[in-house]
Amino acid sequence: MKKKMIRIAIDFDGTIAESAYPGVGKLRLDAKEIINKLYDEGHKILINTCRTGSYEGDAENFLRRSGIKYHYINCNLPEDVISYGQDCRKLSADVYIDDKCLTGLPPWKEIYNILQERFVSPPKHIISGTLDKIDFTHE
């Protein structure tokens with residue numbers, strides 16, 4: 001079964017690199033390996049940052065020097081712009097990875113597993129379009 005491709009918007013400061021704005025912090029543990037794995041699996045990687053001008057350039061230089069693969073920074077995929085007939089300010093993605101999310105940023109290896117479970121692999125409880133008995137009770 002072919003895996004589903006998803007569009008993943010990833011924040012820069014605090015998510016890929018430790019927060020040190022206007023400087024650039026150290027690369028977060030496992031960020032490069034997981035982002036590159038997702039890229040190599042065919043997912044679209046969009047870097048989402050509030051940085052502009054030379055500060056955005058600092059982020060781009062960091063990504064390049066660190067060997068982190070991505071498709072676009074602060075830009076929607078061209079095929080999405082064509083499909084929707086406009087280029088909105090918010091990046092169009094299937095999932096957003098950001099240290100500012102309500103529950104905080106899990107470790108990158110956990111992020112990878114969550115993406116696989118929720119977006120890429122078919123749910124384990126679905127077999128040929130029918131649901132297995134799922135126990136939702138808490139012990």
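# Exercises: a walk through the fold

The elements that cover the buried residues of helix α1 include β1, β2 and α4. Keep that in mind as you work; the model is a predicted one.

**Exercise 1. Find which residues of α1 are buried, and look at how they are spaced.**

Solution.
- Start with the helix itself: α1 spans residues 31-40.
- Next, pick out its buried residues, which are Ala-31, Ile-34, Ile-35, Asn-36 and Leu-38.
- Then recall a rule about helices: an α-helix has 3.6 residues a turn, so residues three or four places apart point the same way.
- Finally, look at what packs over these residues: β1, β2 and α4 are among the elements covering them.
- Just past the helix, α1 is followed by Gly-42, with a positive phi near 100°.

**Exercise 2. Work out the order of helices and strands along the chain.**

Solution.
- Count first: the protein contains four helices and six strands.
- Then read from the N terminus, which gives β-α-β-α-β-α-β-α-β-β.
- Now ask how far apart in sequence the contacting residues lie. Among contacts with a separation of 6 or more, 70% are between residues 24 or more positions apart.

**Exercise 3. Identify which elements build the largest nonpolar core, and which residues have the most contacts inside it.**

Solution.
- Begin with the whole chain: of its 139 residues, 35% are buried.
- Turn to the core. The largest nonpolar core holds 25 residues, and Ile-8 and Ile-16 have the most contacts inside it.
- At least two residues of this core come from each of β1 (7-11), α1 (31-40), β2 (44-48), α2 (53-66), β4 (95-97) and α4 (108-120).
- The biggest contribution, five residues, is made by α4.
- Zoom in on Ile-8. Apart from neighbours within four places in sequence, its contacts include Leu-38, Ile-45, Leu-46, Val-95, Ile-97 and Leu-115.
- The general background is that in soluble globular proteins, nonpolar side chains tend to be buried together.

**Exercise 4. Describe the largest pocket: its volume, and what lines it.**

Solution.
- The volume of the largest pocket is about 250 Å³.
- Its lining has 14 residues, with Val-95, Tyr-96, Ile-97, Pro-106 and Ile-114 nearest the centre.
- By type, the lining splits into 10 nonpolar, two polar and two charged residues.
- By element, β4 and α4 each give at least two lining residues, and α4 has the largest share with five.

**Exercise 5. Decide whether Asp-80 is buried or exposed, and find its side-chain partner.**

Solution.
- Locate Asp-80 in helix α3, residues 78-84.
- Compare its accessibility with the cut-off: buried means under 20% relative accessible area. Asp-80 has 10% relative accessibility, so this residue counts as buried.
- Look for the partner: the side chains of Asp-80 and Arg-7 are joined by a polar contact of 2.8 Å.
- Leaving out neighbours within four places in sequence, Asp-80 is in contact with Arg-7, Gln-86 and Ser-92.

**Exercise 6. Spot the unusual backbone angles in the loops.**

Solution.
- Set the expectation: most residues other than glycine have a negative phi, and most peptide bonds are trans.
- In the loop between β1 and α1 sits Pro-22. The peptide bond leading into Pro-22 from Tyr-21 is cis, with omega near 10°.
- Asp-30 also lies in the loop between β1 and α1; its phi is positive, near 70°.
- Asn-74 belongs to the loop between β3 (72-73) and α3. Its phi is positive too, about 50°.
- With a relative accessible area of 27%, Asn-74 is partly exposed.

Conventions: Residues are numbered from 1 along each chain as its sequence is written. This is a predicted model: local features need pLDDT of at least 70, side-chain atom pairs count only at pLDDT 80 or more; totals for chains, interfaces and linings use all residues. Side-chain values use heavy atoms; hydrogens and water are left out. A nonpolar core is a set of buried Ala, Val, Leu, Ile, Met, Phe, Trp, Tyr and Cys residues joined through side-chain atoms within 4.5 Å. Buried means under 20% relative accessible area, exposed over 50%, partly exposed in between (1.4 Å probe, protein chains only). Contact means heavy atoms within 4.5 Å. On a 1 Å grid over the protein atoms alone, a cavity is a set of points where a 1.4 Å probe fits but cannot get out, and a pocket is an open set with protein on both sides within 12 Å along at least five of seven lines; lining residues have an atom within 4 Å of a point. Grid points are joined across faces, edges and corners, and a volume is the space filled by probe spheres set on the points. Ala, Val, Leu, Ile, Met, Phe, Trp, Tyr, Cys and Pro count as nonpolar, Asp, Glu, Lys and Arg as charged, and the others, Gly among them, as polar. A polar contact is a pair of N or O atoms within 3.5 Å; within protein, one must be able to donate a hydrogen and the other to accept it, and residues adjacent in sequence count only if both atoms are side-chain atoms.
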